[in-house]
Amino acid sequence: MSTTTTQSGSGKPAGRAPARSAKTGSSELVSWKAGIGLSLLAILGTVLFGFMSDSKSAGFGIAEAANEAASNVAAWVTLVLALLLSAWLGYLWFVRRRAGLTPGGGTVPRWLPASTVAAVAVLGLAALGVAKVAKITLPSAAIGWISAVVLLGLAGYSVYRTQAKKATPRWVGGTFAAVFLIGFMVWIVAGGNGDAPSISLAGLIAGSVTLAVPLVFGSLSGVLCERVGVVNIAIEGQLLLGAFSAAVVATVTQNVYAGLVAAAVAGALVSLVLAVVSIKYLVNQIIVGVVLNVLISGLTSFLFSTLLTANPDGLNKPGRLPPVDIPFLSDIPIIGPILFHQSLVGYLMYVAVIVVYLGLFHTKWGLRVRAVGEHPQAADTVGINVNRTRFWNVLMGGAIAGIGGSFFTLVSVDAFSKDMSGGRGYIALAALIFGRWNPIGAFLAALLFGFADNLQSVITIIGSPVPSQFMAMLPYALTVFAVAGLVGRSRPPAASGIPYVKG
């Protein structure tokens, strides 16, 4: 959400220093932010996982298969496919990287390393399923000190690279995050009650995905709006009105799918007000968003108290969208029950992430949208109607957020209650920033927030001494680090929040 202003007549954002070339020494490449950030986290990890480690072991239960025969077949098929895919992607990565070392040899595509890591992760999970591993037990002290040593080593390597005027490789940050997460989980679980505390790993992840559903829809709404230059603070209101409309319409029509459509329409109506007031009448977008959130919170609370409470059977009994298993995929050990045992809203989440990503970065429409968000004057000169593009993107974002709101009344619970969105629209904004205004990044950030939210309940149940408030705070602290640049560059679209007046 940028506050950049434009220079009169030039159409260029003011207040931004031009980026220096990497060949001449970009300030980002030699910045100490990554080294300092990783070093601080490594020291924290050493204190927590090493010096404060428990002598007990931590247990992580694996999901049991509902159909053992089908699960075995799915496990073997997944193992073979993941092995072949990992080998092919690894070979392709090696070839591209080797070619990139030669002049004119090209670079490694950004998707290739991530795809290779994902394929290897699926391979490991499939191997656990084939071996029928029911529980993984890890010694807290040993894992804690190993994690601390690795974290310190990676932080030291980042500092060394910075001193040598070289960028910290992305694999360093990815490996650091994975090791820190492992050490953190072992430390938390080992601190629980009993001689051998344990949690269900599959249940923890499945709950995290479920809690992240409205956050993903909300963050995608923010991506669509901010990529076109409009700050959408009204995500909270879109989620809340979507939940209310889904409950009422589904109850009146006795059709949950009608409620789902009504939620999308309700979210679009909120966006319509935001678009008209901020784009046509040039009112400050942040103020409009805050006002809409307060207005919808009051309106839905009033209608709930006067109408829904008086006639709950006729207006507030929407029913639920049942979970649906995808054949074969739901039988894959561990990941199958987590990813492919979802309601319609859950599957729409996957579709929305893929469609928005491909639309923004691999279509002509997406190129125009990003051009409007980065430099509306230049987009206007090539014939793109800036305000019309912004208007339709804001409406589309509202409809997506409205679908996310239907999760509360059609999936999570089967009735509407006051302010049941619980501030998740603002959390979606944090996920949007932490995800760097990218649909995939916003999706992963929303999963992180859902994981932290679900982990609060888990550590309370097992009796871990770690305060649940610490887990609630953690994602926001990471967002602050992201915005500050300690975990990489985080820059919003240049024209985000700036009204455009033609001429």
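Colleague: How many of the eleven residues of helix 16 (residues 424–434) are buried?

Modeller: Please note at the outset that this is a predicted model. Eight of the eleven residues of helix 16 are buried, and the helix is thus described as mostly covered. The buried residues are Gly-425, Ile-427, Ala-428, Leu-429, Ala-430, Ala-431, Leu-432 and Ile-433.

Colleague: Which residues of helix 12 are buried?

Modeller: In helix 12 the buried residues are Val-345, Gly-346, Tyr-347, Met-349, Tyr-350, Ala-352, Val-353, Val-356, Gly-359 and Leu-360. Helix 12 covers residues 344–362, 19 residues in total. From its first C-alpha to its last it reaches 26 Å, which is close to the 27 Å expected at 1.5 Å a residue.

Colleague: How many helices and strands does the protein chain have?

Modeller: The secondary structure of the chain comes to 18 helices and five strands. The chain has 503 residues, of which 45% count as buried. Among the contacts with a separation of 6 or more, 77% are between residues 24 or more positions apart. The chain exposes about 24000 Å², and carbon and sulfur atoms supply 68% of that area.

Colleague: I should like to turn to the strands. In which sense, parallel or antiparallel, do strand 1 and strand 2 run?

Modeller: A general idea is useful here: in a regular strand the side chains alternate between the two faces of the sheet. In this model, strand 1 and strand 2 run antiparallel and are joined by five bridges. One of the residues to locate is Ser-57, whose bridge partner in strand 2 is Pro-139. Strand 1 also pairs with strand 3 (residues 198–200), here in the parallel sense and over three bridges. In that pairing, Gly-59 stands opposite Ser-198.

Colleague: Why is strand 1 described as largely enclosed by the rest of the structure?

Modeller: Strand 1 (residues 57–61) is largely enclosed because four of its five residues are buried.

Colleague: Which residues does Leu-138 touch, leaving aside those up to four places away in sequence?

Modeller: Leu-138 lies in strand 2 (residues 135–139). Beyond its neighbours up to four places away, Leu-138 touches Ser-57, Ala-58, Phe-60, Ile-143 and Val-186. Leu-138 is partly exposed, with a relative accessible area of 23%. Sequence separation and distance in space should be read separately: Leu-138 and Ala-190 are 52 residues apart in sequence, and their C-alpha atoms are 9.0 Å apart.

Colleague: How far apart in space are Leu-303 and Phe-244?

Modeller: Leu-303 and Phe-244 are 9.4 Å apart, C-alpha to C-alpha, with their positions 59 residues apart in sequence. Leu-303 is placed in helix 9 (residues 285–308). Not counting residues up to four places away, Leu-303 touches Phe-244 and Leu-308.

Colleague: Which residue forms a salt bridge with Asp-380?

Modeller: Asp-380 forms a salt bridge with Lys-502, and the closest N and O atoms are 3.9 Å apart. Lys-502 lies in the segment after helix 18 (468–484) and Asp-380 in helix 14 (residues 376–381), so the pair ties together parts that are 122 residues apart in sequence. The two partners can also be compared by exposure: Lys-502 is exposed, with a relative accessible area of 65%, whereas Asp-380 is buried, with a relative accessible area of 16%.

Colleague: Which residues make the nonpolar surface patch?

Modeller: The patch, of about 610 Å², is made by Ile-43, Val-47, Phe-51, Met-52, Trp-145 and Leu-152. Two elements give two or more residues to the patch, namely helix 1 (33–51) and helix 4 (140–163). Helix 1 supplies the largest share, three residues, and Ile-43 is placed in helix 1.

Colleague: Finally, I should like to read backbone angles. What is the phi of Lys-165?

Modeller: The general idea is that most residues other than glycine have a negative phi. Lys-165 has a positive phi near 60°. Lys-165 is placed in the loop between helix 4 and helix 5 (170–190), and is exposed, with a relative accessible area of 62%.

Colleague: Is Trp-437 buried or exposed?

Modeller: Trp-437 is buried, with a relative accessible area of 3%. Trp-437 also has a positive phi, of about 60°, although it is not a glycine. Its place is in the loop between helix 16 and helix 17 (439–462). Arg-436, just after helix 16, likewise takes a positive phi of about 60°.

Methods:
Residues numbered from 1 in each chain as written. Predicted model: local features only at pLDDT ≥ 70, side-chain atom pairs only at ≥ 80, totals over all residues. Heavy atoms only, no water. Expected span 1.5 Å × (residues − 1). Buried < 20%, exposed > 50% of the residue type's maximum accessible area, 1.4 Å probe, protein only. Patch = residues over 30% accessible without salt bridge, like charges linked within 9 Å, V, L, I, M, F, W, Y side chains within 5 Å. Areas by Shrake-Rupley, 256 points an atom, 1.4 Å probe, with all protein chains shown as cover. Salt bridge = Lys/Arg side-chain N within 4 Å of Asp/Glu carboxyl O. Contact = heavy atoms within 4.5 Å. Pairing = 2+ DSSP bridges.
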